[in-house]
Structures are given as structure tokens and as C-alpha cells.
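Student: I would like a close look at one part of this model: the sheet and what is packed around it. Please take me through it step by step, with the geometry where you have it.

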Amino acid sequence: MTIDVHGHITSPELFRRFPMPPSLADVDGMVELKAAAGITTSLVGSPVGAGTMVRTPGLDNYRQPLDTLERFHDWLGEQVRARPAALRGYVYTNPLGSDAELAAAAKRLEQDEFVGLMVNSSIAGRFLDTPRADAFFAMAAQYRTPVMLHPPAEPAGAGELDDLRLVEQIARPCDVTLGTAAVLFAGWLEKYPELRIVAPVCGGGLPLLLERLELARRMPVTFGRPGGAPGGPPGRAPGAGAPGGPGGPRTAGPGGPAVPPLAEALRRVYVDTATPSLRAVAAAVDAFGAGNVMFGTDSPPMSAPLDASLARLDGLGLDAATVARIRHGNAAELFGLPAAPTRPDPS
């Protein structure tokens with residue numbers, strides 16, 4: 001049994017309107033291909049809602065009509081109901097969007113077909129450390145639903161890149177890296193303890209940057225501000241950053257609240273294995289712990305051989321029980337999916 005937490009499909013309506021890889025429209029083909037590899041369940045959704053990840057003149061993914069997005073979710077729910085053992089859905093929304101958009105997403109989460117939220121790690125160049133994201137994170141916490149921070153079609157800063165290969169393979173994982181760090185530093189995980197974040201593609205570069213993140217957390221929030229003006233993201237007290245012992249809590253100054261060590265927030269950050277790099281997966285396991293790593297392929301649309309993605313787990317040198325947690329146990333627990341059947345005791 002294997003659960004793939006990172007896949008995408010699109011509706012015939014959107015496939016006709018926008019340029020997209022054909023694999024996104026072949027739902028039955030995806031299910032059959034994954035079943036042949038031993039992948040029993042896929043969590044699927046759209047990182048652009050009723051839009052496209054391909055640059056399209058005149059298209060703004062963040063200004064799509066709500067009724068169009070609702071039709072996409074209607075279609076996605078139908079696909080799950082037609083294949084209840086093989087599929088579960090993510091609800092897409094703009095985390096900096098209107099109250100109506102967030103209300104529509106919340107209503108979808110009341111359907112059994114949907115088990116998580118899929119949002120972008122940055123929105124038109126803006127990361128989710130803005131107070132404008134508070135309503136979204138409050139809603140996600142209320143429904144206790146995992147939030148996948150998927151890279152956007154246009155990552156922050158990628159507008160100046162002419163080579164789309166760099167956008168696809170470099171800029172998007174970098175957006176996940178900075179976008180997840182912004183969520184950590186904003187204090188959303190402290191403000192909403194029920195929140196669980198999924199950072200795809202092994203968390204981008206985060207596994208190699210955790211020590212730098214801790215160093216950054218020990219710097220005063222006023223660092224780099226003209227005249228040392230206080231400020232900071234929600235959930236962080238102005239002036240926070242007085243150093244404590246290694247890995248220990250810090251205080252926000254006299255009488256200020258303690259700032260938890262990075263490790264506490266990281267326990268609520270999960271990553272998937274949607275990467276061609278064994279070293280990246282090994283680093284993710286080392287940095288986040290095997291209990292916070294889940295199998296993912298980003299397929300469709302990625303076309304890497306599924307058996308190679310599964311074999312990569314066997315190359316980590318982990319015991320069978322730990323590999324089983326990564327293949328299905330962690331995802332089943334996080335998303336509330338059926339666990340693998342227990343084998344009878346041979347004795």
C-alpha cells in the first residue's frame with residue numbers, strides 16, 4: 001500500500017481552455033499507471049484552481065471567477081466519488097482572497113471527498129507572513145485540515161526569468177523554501193496549534209537551511225529596519241530575538257512572551273518526496289524526521305518513472321517499518337485516510 005500525497009488532474013473544461021500536459025486530463029490512465037506501481041491512493045488537486053501553471057497572456061490565476069472555480073471543484077469531487085479507493089481531493093483557494101473565496105473553500109472541506117487545502121507558497125510575489133493571511137489560517141485550523149504550500153505558476157522573482165526551465169525546476173522549489181520559512185516566522189503555527197503544513201518537493205532547500213533559520217530567529221525583529229523601527233509579522237512581539245541557549249526558548253524582551261524554538265514549529269511541518277534526488281529525500285528525513293515525510297510524486301504532470309520514485313525510498317537505508325510510515329502511514333494519519341491492513345500474526 002502506498003499513498004501519493006502530491007498529484008494533479010484537470011477538468012475537460014480547463015483542458016480545452018488552457019495549454020496543459022495531456023496527462024492532467026487522463027484520470028483513468030493516471031489511476032491505472034499508479035496502481036500498476038503499487039500506489040493505491042493519490043491526493044490530487046490544482047495549484048492554480050481553474051487556471052493553469054503555463055504562462056498565458058492575459059491570465060491572472062488570482063482573479064478567476066468564483067463560479068468557474070466552483071465548477072472545477074464540482075468536477076473534482078465527482079472524480080473522487082467515482083474512484084473512492086484511489087482518489088482524495090485538495091481544495092484550492094487564494095489564501096489572500098476574499099471572504100467569499102474562503103467561505104467557498106470552507107464549505108468544500110465539509111465534503112468527504114476533500115481532505116486538505118492546496119494553496120500557493122506566494123501570491124503574486126507576496127508571501128503568507130502578511131496579516132492578510134490570518135483569516136485563511138484561522139479557517140484551516142478550524143477545520144484541522146492540512147495545508148499544502150504548493151509553488152505558484154509564477155514564483156516570486158521569476159518574472160525576470162526568460163528560461164522557463166529555471167522557473168519549473170529551480171524557482172518553484174525556492175518559492176516553497178521561502179514561503180514555508182515565512183509561515184514559520186509569521187508565528188501562524190504558534191497562533192493556531194491545530195495547523196499542519198505540507199511543504200512539497202522535500203521542503204525545497206529547507207533541510208539545508210534549518211541552522212540558518214535558527215540564527216535568523218535569534219536576530220532582533222528590528223534588524224535592518226531604518227532607525228531600528230519595531231515591527232514584525234503577526235504572532236511575533238516587536239523586539240523579539242534576544243538569544244537564548246542553543247535550541248532553547250528565547251524571550252521577546254522584559255516581560256515579553258517566550259518565543260518557542262524552531263524545533264517546536266517544525267513538528268507541524270511535513271514534506272513530500274516529490275524530487276528526483278535521493279540526497280534531497282535523505283536530507284528531508286534527517287531534518288524533519290521520518291514521521292514528517294510522506295511519499296509524493298507530483299505526477300501528473302511530472303513524468304518521472306513511478307518505480308524509481310518508490311525505489312528511492314529503499315535507497316535511504318531505513319528499516320522496513322520506517323519506510324512503510326513514509327509510504328503510507330504518515331499520510332494516512334495526517335489526512336485521515338484508511339491505514340494499511342494489518343498482517344495476521346504468523347504464530
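Tutor: Happy to. Let's agree on one term first: two strands count as paired when DSSP finds at least two bridges between them. Please also keep in mind that this is a predicted model.

With that rule, eight strands make up an open sheet, and their pairing is parallel; the order is β1-β2-β3-β4-β7-β8-β11-β12. Its edges are β1 (3-8) and β12 (293-294), each of which has a partner on one side only. For context, the chain as a whole has 13 helices and twelve strands, and 51% of its 347 residues are buried. Sequence-distant contacts feature too: of the contacts between residues at least 6 apart in sequence, 73% join residues at least 24 apart.

Let's start with β2. This strand covers residues 41-45, and T41 belongs to it. T41 has a relative accessible area of 9%, and the cut-off for buried is under 20%, so T41 counts as buried. Setting aside neighbours within four places in sequence, T41 has contacts with T2, I3, D4, A85, A86 and L87. There is a polar feature here as well: a polar atom of the T41 side chain lies 3.1 Å from the backbone oxygen of A85. The next strand in the sheet order is β3 (residues 87-92), which runs parallel to β2 and is joined to it by three bridges. Across that pairing, S42 of β2 faces L87 in β3.

Now move to β11 (residues 269-272). V269 and V271 point one way from this strand, Y270 and D272 point the other way, and all are buried. On one side, β11 pairs with β8 (residues 197-199), in the parallel sense and over three bridges. In that pairing, I197 is opposite V269. β11 also pairs with β12, again in the parallel sense, this time over two bridges. There, D272 is opposite M294 in β12. To get from β11 to β12 the chain passes through helix α11 (residues 278-288), and this β-α-β crossover is right-handed.

That connecting helix deserves a stop of its own. V281 lies in α11. Its relative accessible area is 1%, so V281 is buried under the same cut-off of 20%. Not counting residues up to four places away in sequence, V281 touches C202, T273, T275, R312 and L316. Its C-alpha atom is 9.3 Å from that of P207, although the two residues are 74 apart along the chain.

After β12, follow the chain into the loop that leads to α12 (306-314), where P300 is found. The peptide bond from S299 to P300 is cis, with omega near -15°. P301 lies in the same loop between β12 and α12, and P300 is joined to P301 by another cis peptide bond, with omega about 5°.

Next, the aromatic rings. Counting rings of Phe, Tyr and Trp whose centres lie within 6.5 Å, there are five aromatic pairs. One of them involves Y90 and F335: the ring centres are 6.0 Å apart and the planes stand at 85°, so this pair is edge-to-face. Y90 belongs to β3 and F335 to helix α13 (residues 320-335), so the pair ties together parts that are 245 residues apart in sequence. Y90 and F335 are both buried.

Another pair is F137 with W188; with centres 5.1 Å apart and planes at 25°, it is stacked. F137 sits in helix α5 (residues 134-143) and W188 in helix α7 (residues 188-191), so here the parts tied together are 51 residues apart in sequence. Both F137 and W188 are buried. This pair is part of a cluster in which ring pairs link F136, F137, W188 and Y192. There is also a charge over a ring to look at: R217 lies over the face of F185, 6.0 Å from the ring centre.

To finish the tour, visit the loop that follows α5 and leads to β7 (147-150), where you will find R144. R144 is not a glycine, yet it has a positive phi of about 50°. Unlike the buried residues above, R144 is exposed, because its relative accessible area of 61% is over the 50% cut-off.

Terms used:
Residues are numbered from 1 along each chain as its sequence is written. This is a predicted model: local features need pLDDT of at least 70, side-chain atom pairs count only at pLDDT 80 or more; totals for chains, interfaces and linings use all residues. Side-chain values use heavy atoms; hydrogens and water are left out. Helices (H or I, at least four residues) and strands (E, at least two) are DSSP runs, numbered from the N terminus. Buried means under 20% relative accessible area, exposed over 50%, partly exposed in between (1.4 Å probe, protein chains only). A polar contact is a pair of N or O atoms within 3.5 Å; within protein, one must be able to donate a hydrogen and the other to accept it, and residues adjacent in sequence count only if both atoms are side-chain atoms. Contact means heavy atoms within 4.5 Å. A crossover is right-handed if, with the strands pointing away from the viewer, the path from the first strand over the helix to the second runs clockwise. Rings of Phe, Tyr and Trp (its six-membered ring) pair if their centres lie within 6.5 Å; planes under 30 degrees apart count as stacked, over 60 as edge-to-face and the rest as tilted. A charge sits over a ring if NZ of Lys or CZ of Arg is within 6 Å of the ring centre and within 35 degrees of the ring normal.
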